[in-house]
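Q: I am new to this structure. Please show it to me, and then walk me through how to read its features.

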Amino acid sequence: MIFIAILVGCIVGALLGMNAPIIPYTLSKYLAISIVAALDSVFGGISSVVKENFDLKIFVTGFFGNAILSILLTYLGEKLNVDIYLAAIVVFVGRMFVNLAIVRRYYVDKWTNRVKGLKQEKKEENK
C-alpha cells in the first residue's frame, strides 16, 4: 500500500516537475537540501512503519523541522562563505541509507520466512 503511494507521488512529482518553472541557481542549494531533508524524513517514516512504531506527529514535525533546519544551515553557510549544507547532506543521506537498510532487511526476512514456510509445508505433505 505504501509503495503504491510512493509510486504515485513520484509520477505526480515527475509530471509536475516537467511543467514547473526553472529554479534560479541562487535558490537551487536551498531546494536541493530541503528535498534531501524531506526524503530523509520519508525514509525514516517508512522505516518506523516497518518497525511498527510510526507516530504521525513525530513524522510531520521531523519533516518540516529537518527541512527548515537544513535551509537555515544553508543560509548561514552562505553568509559565512562556508558550505555547511554539505555536512547536512552527508548526514541526511547517511540516515536514508540506514533506514533503507532496515526496510530491506525486513522484507528479505519476510520473504525468507515465507519461503521456509512453503518448504516446510511441502515436506509435511510428502510425509
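A: Let us start in a loop. Asn81 sits in the loop between H3 and H4, where helices (H or I, at least four residues) and strands (E, at least two) are DSSP runs, numbered from the N terminus. This is a predicted model, where local features need pLDDT of at least 70, side-chain atom pairs count only at pLDDT 80 or more, and totals for chains, interfaces and linings use all residues. Residues are numbered from 1 along each chain as its sequence is written, and side-chain values use heavy atoms, with hydrogens and water left out.

Q: What should I look for in the phi of Asn81?

A: Start with the general idea. Most residues other than glycine have a negative phi. Now the case here. Asn81 is not a glycine, yet its phi is positive, at about 60°.

Q: Is Asn81 buried or exposed?

A: Use relative accessible area: buried means under 20%, exposed over 50%, and partly exposed in between (1.4 Å probe, protein chains only). Asn81 has 72% relative accessibility, so it counts as exposed.

Q: Which residue in the loop between H2 and H3 can I read in this way?

A: Take Glu52, which is placed in that loop between H2 and H3. Glu52 is another residue other than glycine with a positive phi, near 60°. At 70% relative accessibility, Glu52 is exposed.

Q: How many helices and strands does the protein have?

A: The protein has four helices and zero strands. Read from the N terminus, the order is α-α-α-α. The radius of gyration, taken over C-alpha atoms, is compared with a globule rule of 2.2 Å times the number of residues to the power 0.38. For 127 residues the rule gives 14 Å, and the protein has 20 Å, well over that, so it is more spread out than a compact globule. Its C-alpha trace spans about 75 × 30 × 25 Å along the principal axes.

Q: How do I read burial and surface for the whole protein?

A: Begin with the share of buried residues. Here 20% of the 127 residues count as buried. Then take the surface, using accessible areas from the Shrake-Rupley method with a 1.4 Å probe, where for residues only the protein chains shown count as cover. The protein exposes about 9700 Å², and carbon and sulfur atoms supply 70% of that area.

Q: What do contacts say about positions far apart in sequence?

A: A contact means heavy atoms within 4.5 Å. Take the contacts with a separation of 6 or more. Residues 24 or more positions apart account for 77% of them.

Q: Where is Ala37, and which residues does it touch?

A: Ala37 belongs to helix H2. It is buried, with a relative accessible area of 0%. Leaving aside neighbours within four places in sequence, Ala37 is in contact with Asn66, Ala67, Ser70 and Phe92.

Q: Where does its partner Asn66 lie?

A: Asn66 lies in helix H3 (residues 56–80). At 17% relative accessibility, Asn66 is buried. Beyond neighbours within four places in sequence, its contacts include Ala37, Asp40 and Arg95.

Q: How do I read charged pairs?

A: Side chains of opposite charge can pair when their charged atoms come close. A salt bridge needs a side-chain nitrogen of Lys or Arg within 4 Å of a carboxyl oxygen of Asp or Glu. By this rule there is one salt bridge. It joins the side chains of Asp40 and Arg95, at 2.3 Å from N to O. Asp40 lies in helix H2 (residues 25–50) and Arg95 in helix H4 (residues 85–126), so the pair ties together parts that are 55 residues apart in sequence.

Q: How exposed are Asp40 and Arg95?

A: Asp40 is buried, at 2% relative accessibility. Arg95 is partly exposed, with a relative accessible area of 38%.

Q: Which residues does Phe43 touch?

A: Phe43 is found in helix H2. It is partly exposed, with a relative accessible area of 26%. Not counting residues up to four places away in sequence, Phe43 touches Met96, Asn99 and Leu100.
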